[in-house]
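User: I would like to learn how to read a structure feature by feature, with the general idea first and the particular case after it. Could you take me through one?

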Amino acid sequence: MLTLGLSNLKTISKLGYSAKPIHSQYIRMEANNNTVPSIVVYVTVPNKESGKKLAESIVKEKLAACVNRVPGIESVYQWKGEIQTDSEELLIIKTRQSLLEALTEHVKANHEYDVPEVISLPITGGNLKYLEWIKESTRE
């Protein structure tokens, strides 16, 4: 019989369950007043130069705490009835959820595509210090 008493922590570990306590440095977004609801936003750009320029303008305007530039992606998509394949760079942007509209407008105004990709995913938790940094590094 398996119980959850302290004497059985080794047994639980062998079964694949973590015996480690959840530390307060890792949180769910809604659990801390020092953070704000945050998101990751994906934006593709046609090349390194436009990626660098757009990433720097986003951070300068405090629309995001950080933008990762991932070179060498290949996108396959349908545009105007044709299948297209293009080399692109992916921007991975970390920001406040409340800044999505302003970020989207900034991307649209500073992007060379007619319909730039701007999609967001919620950040549901993570390293408390990093999540606090997102809040501190962006405008309200």
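Analyst: What follows goes from the overall fold to salt bridges, an aromatic pair and a surface pocket, and the model is a predicted one.

User: Which helices and strands should I expect, and in what order do they come along the sequence?

Analyst: A fold is read by counting its elements and then following their order. The protein has four helices and six strands, and along the sequence they are arranged as α-β-β-α-β-β-α-β-β-α. Of the 140 residues in the protein, 34% are buried.

User: How many salt bridges are there in the whole structure, and how do I read one of them?

Analyst: A salt bridge here asks for a side-chain nitrogen of Lys or Arg within 4 Å of a carboxyl oxygen of Asp or Glu, and a search of the whole structure finds four. One of them joins the side chains of R69 and E89, with an N to O distance of 2.8 Å. This pair links distant parts of the chain, since R69 belongs to strand β3 and E89 to strand β4 (residues 82-96), 20 residues apart.

User: Are R69 and E89 buried or exposed?

Analyst: The two partners have to be judged one by one, and buried means under 20% relative accessible area. E89, with a relative accessible area of 3%, is therefore buried, whereas R69, at 31%, counts as partly exposed.

User: Where do E105 and K108 lie, and what about the bridge between E132 and K129?

Analyst: Both of these pairs are read within a helix. E105 and K108 lie in helix α3 (residues 100-110), three residues apart, about one turn of the helix, and their closest N and O atoms are 3.3 Å apart. E105 is partly exposed at 43% relative accessibility, and K108 is partly exposed as well, at 47%. E132 and K129 are three residues apart in helix α4, so about one helical turn separates them, and the closest N and O atoms of this salt bridge are 3.9 Å apart. In this bridge E132 counts as buried at 10% relative accessibility, while K129 counts as exposed at 60%.

User: Why is the aromatic pair of Y130 and W133 called tilted?

Analyst: Ring pairs are classed by the angle between their planes, where under 30 degrees counts as stacked, over 60 as edge-to-face and the rest as tilted. The structure holds one aromatic pair, in which the rings of Y130 and W133 have centres 5.3 Å apart and planes at 45°, so the pair is tilted. Both residues lie in helix α4 (residues 128-137), three residues apart, about one turn of the helix. Y130 is partly exposed at 34% relative accessibility, and W133 is likewise partly exposed, with a relative accessible area of 34%.

User: Which residues line the largest pocket, and which element gives the largest share of the lining?

Analyst: A pocket is read through its volume, its lining and the elements that supply that lining. The largest pocket has a volume of about 260 Å³, and its lining includes T44, S75, V76, Y77, W79, E88 and Y113. Strand β3 gives the largest share of the lining, four residues.

User: What kind of surface patch do Y77, W79 and V115 form?

Analyst: They form a nonpolar patch, with about 290 Å² of accessible area together, and these three residues are also among those that line the largest pocket. Y77 lies in strand β3 (residues 66-79) and is partly exposed, with a relative accessible area of 31%.

How values were computed:
Residues are numbered from 1 along each chain as its sequence is written. This is a predicted model: local features need pLDDT of at least 70, side-chain atom pairs count only at pLDDT 80 or more; totals for chains, interfaces and linings use all residues. Side-chain values use heavy atoms; hydrogens and water are left out. Patches are made of residues with over 30% relative accessible area and no salt bridge: like charges are joined within 9 Å, nonpolar side chains (Val, Leu, Ile, Met, Phe, Trp, Tyr) within 5 Å. Accessible areas come from the Shrake-Rupley method with a 1.4 Å probe; for residues, only the protein chains shown count as cover. Helices (H or I, at least four residues) and strands (E, at least two) are DSSP runs, numbered from the N terminus. Buried means under 20% relative accessible area, exposed over 50%, partly exposed in between (1.4 Å probe, protein chains only). Rings of Phe, Tyr and Trp (its six-membered ring) pair if their centres lie within 6.5 Å; planes under 30 degrees apart count as stacked, over 60 as edge-to-face and the rest as tilted. On a 1 Å grid over the protein atoms alone, a cavity is a set of points where a 1.4 Å probe fits but cannot get out, and a pocket is an open set with protein on both sides within 12 Å along at least five of seven lines; lining residues have an atom within 4 Å of a point. Grid points are joined across faces, edges and corners, and a volume is the space filled by probe spheres set on the points.
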